[in-house]
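Colleague: Hi! Could you walk me through this model when you have a minute? I'd like to hear about pockets, sheets and a few residues.

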Amino acid sequence: MNSIRDGQFKLNEFIMIDATAKTADCGKALQLTPVCVKANIYESVLSPTVRADFEFYDSKGMFDNFLFKNKKIIIEFTTNESNSKSAICYEFYVQNDDPVVPTTDDKGVAYKLSCTTYEVWKSRNLRDAPLSKKKIECEKMVKAYLNVLGSNKNLFAEKTRGLHAFNLTLKTPLQCIDEIRVEYAMSQEFKGHAFYFFENKYGFVFKSMEMMIREGKENIGDKCFMQSTLTNLDFEGAKWRNILAFKSIQNGNQGIAKVVVQERNTVTGEITTYSVDPKKLEFETLNEKSISSTLKRQNQLEENASLLVKIDRDPTTENAERAEKKNHVPIYMAHFLTTIAQITIYGDSTITVGDVIHCQLPEYNARTQGDKNPIREDSAMTSGNYMVTKCRHVLTFNEKAEYMQGLEIVKDGIGGTPRVHK
């Protein structure tokens, strides 16, 4: 991946490759760049689709005979001309076409359109998708539903284990996929904690949090950020990208009550109880040798009243270890959500949700390393590897096209081995 230091990365600017509107059947196209004021594109690991808002200002009557209903907006842009994989390309379908709002000078008309990607646009009106097999592996079922929707996007699926029975009547395809994700998916390599299904610039992702962390750490590359004047003044520091704004949403997690799961065998009526000691659980971590504030706090909460969860399992149609997952997921997620923060950066089209980045942040306590070197020490709580869980691409179209990103990032643990500025 090319980096900021090769001169190709364009700070605060983007290159528009395509911005057009077409009918759903690819009829007449209309170039939107001249009339588009702003675009907001929202990605999240919590959503199966990417959403977008577009603002248009039409002072020449381009839209007089152009209805946005059943139209799609194609937008493709990049911040790195020499890296073909860096481009972000989406086809959005208009969800609403609100009444136009006249501007104050009455010389033009303002439009604001909310859009989503094709699969959600089609899934709203498609139910009872035909699947002939009652027993099917999770990733194969997800692929089958995406095929029903006519999606040609890549699916990055983690291999699962076990057979599963589903009740998917009167539900849309994406609702069915979500039920698979929440209840039944179990990983081959990991325990399958917190499976996610979401869309990003590469396609659809159906993976456990552990697999996303492992792959993300392997592909950090030069996605390193600092909130320091070094990024602007120091030659070595300039190899890192600048964090323009930082806001901590949550520092430290207070832990959870002990979880007990009771599983009833629907054939024999036998009830099996599952419980786990949080101190004995090991998770894939973002930051090596870090300490989980949650599990440290968990030691003090063992006397709390237990949370009882009851589930049924039919051994003739399923053998996935759902009880184990129900037992582990709350502890795992509390462990993972140690630090949640929001940062604003210059737009980088190589970054999308599900990525892992590294952030070096100062300690906000006014202490410095000395009068001759007035630089705050790095914070053990906030510095480290983060996963990008939400991303807002903000593009403005004016004399100087500008591109910013607002990221919500999540980190597990405090301390750990710091990354050297080099």
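Modeller: Happy to! Before the pockets, a word on classes: Ala, Val, Leu, Ile, Met, Phe, Trp, Tyr, Cys and Pro count as nonpolar, Asp, Glu, Lys and Arg as charged, and the others, Gly among them, as polar. Also bear in mind that this is a predicted model.

Colleague: Thanks. With those classes, how does the lining of the largest pocket divide?

Modeller: The lining of the largest pocket holds 8 nonpolar, 8 polar and 6 charged residues.

Colleague: And what volume does the largest pocket have?

Modeller: Its volume comes to about 520 Å³. There are 22 lining residues, and Asn-200, Tyr-202, Asn-219, Thr-352 and Asp-355 are the closest to the centre. Two or more residues of the lining come from each of E10, E11 and H4.

Colleague: Which element gives the largest share of that lining?

Modeller: That would be H4, with 3 residues.

Colleague: How much space lies in the second largest pocket?

Modeller: About 390 Å³. The second largest pocket has 17 lining residues, and those nearest its centre are Cys-89, Tyr-90, Asn-152, Lys-153 and Lys-201. The elements with two or more residues in this lining are strand E6 (88–97), helix H1 (118–123), E9 and E10.

Colleague: Which of them gives the most? And what about the classes there?

Modeller: E6 gives the most, with 3 residues. By class, the lining of the second largest pocket has 6 nonpolar, 6 polar and 5 charged residues.

Colleague: Switching to closed spaces: how many cavities of 30 Å³ or more turn up?

Modeller: A search of the whole structure gives 2 cavities of 30 Å³ or more. The second largest cavity contains about 40 Å³ of space.

Colleague: Which residues line the second largest cavity?

Modeller: Its lining is made of Ala-19, Leu-32, Thr-33, Cys-36, Phe-54, Ile-73, Ile-75 and Phe-397. That makes 7 nonpolar residues and 1 polar, with no charged ones.

Colleague: Let's go back to E10. What is the strand order in its sheet?

Modeller: The order is E9-E11-E10, in an open sheet of 3 strands with mixed pairing. Strand E9 (154–157) and strand E10 (195–200) are the edge strands, each pairing on one side only. On average, neighbouring strands in this sheet are turned by 10° against each other, direction ignored.

Colleague: How many bridges join E9 to E11?

Modeller: There are 4, and E9 runs parallel to strand E11 (residues 203–208). In that pairing, Phe-156 stands opposite Val-205 in E11. Helix H3 (residues 173–184) packs on this sheet, where H3 touches E10 and E11, and the direction of H3 makes about 140° with that of E10.

Colleague: And where does H4 lie?

Modeller: Helix H4 (residues 209–218) lies across E10 and E11, at about 110° to E11.

Colleague: Now Tyr-196. Is that one buried or exposed?

Modeller: Tyr-196, which sits in strand E10, has 11% relative accessibility. Buried means under 20%, so Tyr-196 counts as buried.

Colleague: What does Tyr-196 touch farther off in sequence?

Modeller: Leaving out residues up to four places away, Tyr-196 touches Val-45, Leu-46, Arg-181, Val-205, Phe-206, Lys-207, Met-209, Met-212 and Met-333. Take Leu-46: 150 residues separate it from Tyr-196 in sequence, but the C-alpha to C-alpha distance is 7.3 Å.

Colleague: Nice. What about the sheet with E14: which strands stand at the edges?

Modeller: That open sheet of 3 strands has the order E15-E14-E17, with mixed pairing. Strand E15 (271–275) and strand E17 (307–313) stand at the edges with a single partner strand each, so one side of each has no neighbour in the sheet. Here neighbouring strands are turned by 20° against each other on average, direction ignored. Strand E14 (residues 259–265) and E17 run parallel, joined by 7 bridges, and Val-260 stands opposite Leu-308 in E17.

Colleague: Which strands does H7 touch?

Modeller: H7 packs on the sheet and touches E14, E15 and E17, with its direction at about 165° to that of E14.

Colleague: Last one: is Arg-322 buried or exposed?

Modeller: Arg-322, found in helix H7 (residues 322–336), is buried, with a relative accessible area of 6%. Not counting residues up to four places away in sequence, Arg-322 touches Glu-183, Tyr-184, Ile-311, Asp-312 and Arg-313.

Note on methods
Residues are numbered from 1 along each chain as its sequence is written. This is a predicted model: local features need pLDDT of at least 70, side-chain atom pairs count only at pLDDT 80 or more; totals for chains, interfaces and linings use all residues. Side-chain values use heavy atoms; hydrogens and water are left out. On a 1 Å grid over the protein atoms alone, a cavity is a set of points where a 1.4 Å probe fits but cannot get out, and a pocket is an open set with protein on both sides within 12 Å along at least five of seven lines; lining residues have an atom within 4 Å of a point. Grid points are joined across faces, edges and corners, and a volume is the space filled by probe spheres set on the points. Two strands pair if DSSP finds at least two bridges between them. Axes are lines fitted to C-alpha atoms, for helices over the stretch in contact, and angles run from 0 to 180 degrees between N-to-C directions. Contact means heavy atoms within 4.5 Å. Buried means under 20% relative accessible area, exposed over 50%, partly exposed in between (1.4 Å probe, protein chains only).
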